[in-house]
Amino acid sequence: MSSSDVRVETEIEASADTVWNIISSFSKWSDWHKSGVEVRMKNGVPVLLKTQMSGLPLRINLNKVKIVERRHLEWTGTLPIIGGLLRGIRKFTLSEISESRCKLIQEETFCGAFSGLAKRKLITSYQHRYSLHNQKIKAIAESKYNKA
């Protein structure tokens, strides 16, 4: 798993802290997520992502959640029922370019027995989706940062 199947990099004219506040405010993910989304939490850690794909409701269990404050968010997502047959390792990484500029990298690696069958369609869909996410995060962050 050295390289990601999907990787979107976006430079943002705002501090890494500003962008981190957007990414880590799970109750506000619907502000920037492509389709309606809800993140369920347990003890301050995200455990379930409810969204839609192709108009169908989708529930993704979030496991092995790693949070490095103000820099990195990662989890392994699995679908109910098929569980380990198709998993996605999703990562958000922030790197500071300067005090007022940062880079957001959103990436995903697909694995599991069904990943070979689904990978091509997933890569195309997720590449587009993550590009939209990053552009919305950028717009929100730059709007907030430049008002401060």
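This dialogue goes through a helix pair and a pocket in a predicted model.

User: How should I read the packing of helix H1 and helix H2, and at what angle do their axes cross?

Analyst: Two packed helices are described by the angle between their axes and by the distance between those axes. In this predicted model, the axes of H1 (residues 16-23) and H2 (residues 115-147) come within 9 Å and cross at roughly 125°, which makes H1 oblique to H2. The crossing in which H1 passes H2 is right-handed.

User: Which residues make the contact?

Analyst: From H1 come Thr 18, Val 19, Ile 22 and Ile 23, while H2 contributes Ile 137, Ile 140, Ala 141, Lys 144 and Tyr 145. Sorted by class, this contact of H1 with H2 holds seven nonpolar residues, one polar and one charged.

User: How is empty space found, and how much of it lies in the largest pocket?

Analyst: Rolling a probe the size of a water molecule over the atoms shows where empty space is left. Here the largest pocket holds about 650 Å³ of space, and among the 35 residues that line the largest pocket, Met 53, Leu 58, Ile 60, Leu 122 and Tyr 126 are the closest to its centre.

User: Which element gives the most to that lining?

Analyst: H2 does, with 10 residues, and strands S3, S4, S5, S6 and S7 each supply at least two. The lining divides into 17 nonpolar, 12 polar and six charged residues.

Notes
Residues numbered from 1 in each chain as written. Predicted model: local features only at pLDDT ≥ 70, side-chain atom pairs only at ≥ 80, totals over all residues. Heavy atoms only, no water. Axes fitted to C-alpha atoms, helices over the stretch in contact; angles between N-to-C directions. Helix = DSSP H or I, 4+ residues; strand = E, 2+ residues; numbered from the N terminus. Parallel < 35°, antiparallel > 145°, perpendicular 65-115°, else oblique. Left-handed = near helix turned anticlockwise from the far one by under 90°. Contact = heavy atoms within 4.5 Å. Nonpolar A, V, L, I, M, F, W, Y, C, P; charged D, E, K, R; others polar. 1 Å grid on protein atoms, 1.4 Å probe; cavity = no way out; pocket = protein on both sides within 12 Å on 5 of 7 lines; lining within 4 Å. Points joined across faces, edges and corners; volume = space filled by probe spheres on them.
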